[in-house]
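Hi everyone, thanks for making time this morning. I'd like to walk you through one chain, starting from the surface and working inward. Let's get it up on the screen.

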Amino acid sequence: MNCQICGEHLPRGAMFCGGCGSSTTATPASRKRADPRPSDTTIIQPLPPRSTVISVPFWPAGPNEPAAAPAEALRTRYTLQFSTGETVSVRGTGLIGRRPLPQPTETFDHLIQITDPGRSVSKSHLEFGQHDGEFWVNDRFSGNGTVVLQAPASAVRCEPGQRYPVARGSIVEIGDQHFVLR
């Protein structure tokens, strides 16, 4: 099945198009809002080459500096093991998606691009971060949503724009893909 708005191929059971975000029941005539970036000519810088683990180095203090650790060293390190086979080590904040792009006023420590041939993962699908040593996720109004699976609790479908705490060992589903928080 293809999107009636942009023509993108839709995976089976998709509620929204991963390309334009339209409902799968939308038609060109029923689309009420204009494309928010109709003349977007932003040049997206290529992401750094993929590696097995992305790490944040620790810089020791110089001779005239106090021995305080940088802010990154004070944050807890987490590892995201993706269903695509990639493993990423993170601290701080980040965006996950097929082609994550922060808004002009946003800054993130990590931009994690996921390979998703079925395009079930939105371009900027999920935001993550830490607060008081606790990892959280926030669905960025993605087309196919975000679900957090924490044992022994049942699955929690994330409401877009709200932060949800995620414990180590939990699975976070993003479209047809997922990652395990370690």
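So, the surface: the chain exposes about 11000 Å², and carbon and sulfur atoms supply 54% of that area. Please keep in mind that what you see is a predicted model. The mean pLDDT of the chain is 80, with 73% of the residues reaching 70 or more. One stretch to treat with care is residues 51-61, where pLDDT stays under 50. Across that stretch the model has 19 contacts beyond four places in sequence.

What about the inside? Of the 182 residues in the chain, 34% are buried. And if you take the contacts with a separation of 6 or more, 45% of them join residues 24 or more positions apart.

Now the secondary structure. How many helices and strands are there in the chain? We have 1 helix and 11 strands. Reading along the sequence, you meet α, and then β after β to the end of the pattern. The helix, α1, covers 71-74. In the segment before α1 sits G13. Is G13 buried or exposed? With a relative accessible area of 67%, G13 is over the 50% cut-off, so we call this glycine exposed. Its C-alpha atom is 9.7 Å from that of M1, and the two residues are 12 apart along the chain.

Let's go to the core. As a general point, nonpolar side chains in soluble globular proteins tend to be buried together. Here, the largest nonpolar core has 21 residues, and the ones touching the most other members are L80, I96, F135 and V137. Several strands supply at least two residues each, among them β1 (78-82), β2 (87-90), β5 (126-131) and β6 (134-139). The later strands β9 (163-166), β10 (171-174) and β11 (177-181) do so as well. Which strand gives the most to this core? That is β1, with 3 residues.

If you'd like one residue to click on, try L80. Leaving aside neighbours within four places in sequence, L80 is in contact with residues including V88, V90, I96, I112, F128 and F135. From the end of the chain, F179, V180 and L181 also contact L80.

That takes us to β11. Of the 5 residues in β11, 4 are buried, leaving the strand mostly covered. β11 pairs with β1 in the antiparallel sense, over 3 bridges, and there Q81 stands opposite V180. β11 also pairs with β10, again antiparallel, this time over 4 bridges. In that pair, I174 stands opposite Q177. β10 and β11 form a hairpin with 2 residues between them, and in the turn G175 has a positive phi of about 65°.

Last stop, a sheet. As a reminder, strands of a sheet pair through backbone hydrogen bonds, either parallel or antiparallel. This one is an open sheet of 5 strands in the order β4-β3-β5-β6-β9, with mixed pairing. At the edges are β4 (110-113) and β9, each pairing on one side only. Direction ignored, neighbouring strands of the sheet are turned by 25° against each other on average. Where β6 meets β9, the pairing is antiparallel over 4 bridges. Here V137 stands opposite Y164, and V137 is one of the core residues that touch the most other members.

That's my tour, and I'm happy to take questions!

Notes. Residues are numbered from 1 along each chain as its sequence is written. Side-chain values use heavy atoms; hydrogens and water are left out. Buried means under 20% relative accessible area, exposed over 50%, partly exposed in between (1.4 Å probe, protein chains only). Contact means heavy atoms within 4.5 Å. Accessible areas come from the Shrake-Rupley method with a 1.4 Å probe; for residues, only the protein chains shown count as cover. A nonpolar core is a set of buried Ala, Val, Leu, Ile, Met, Phe, Trp, Tyr and Cys residues joined through side-chain atoms within 4.5 Å. Two strands pair if DSSP finds at least two bridges between them. Axes are lines fitted to C-alpha atoms, for helices over the stretch in contact, and angles run from 0 to 180 degrees between N-to-C directions. pLDDT is the predictor's confidence in each residue, from 0 to 100.
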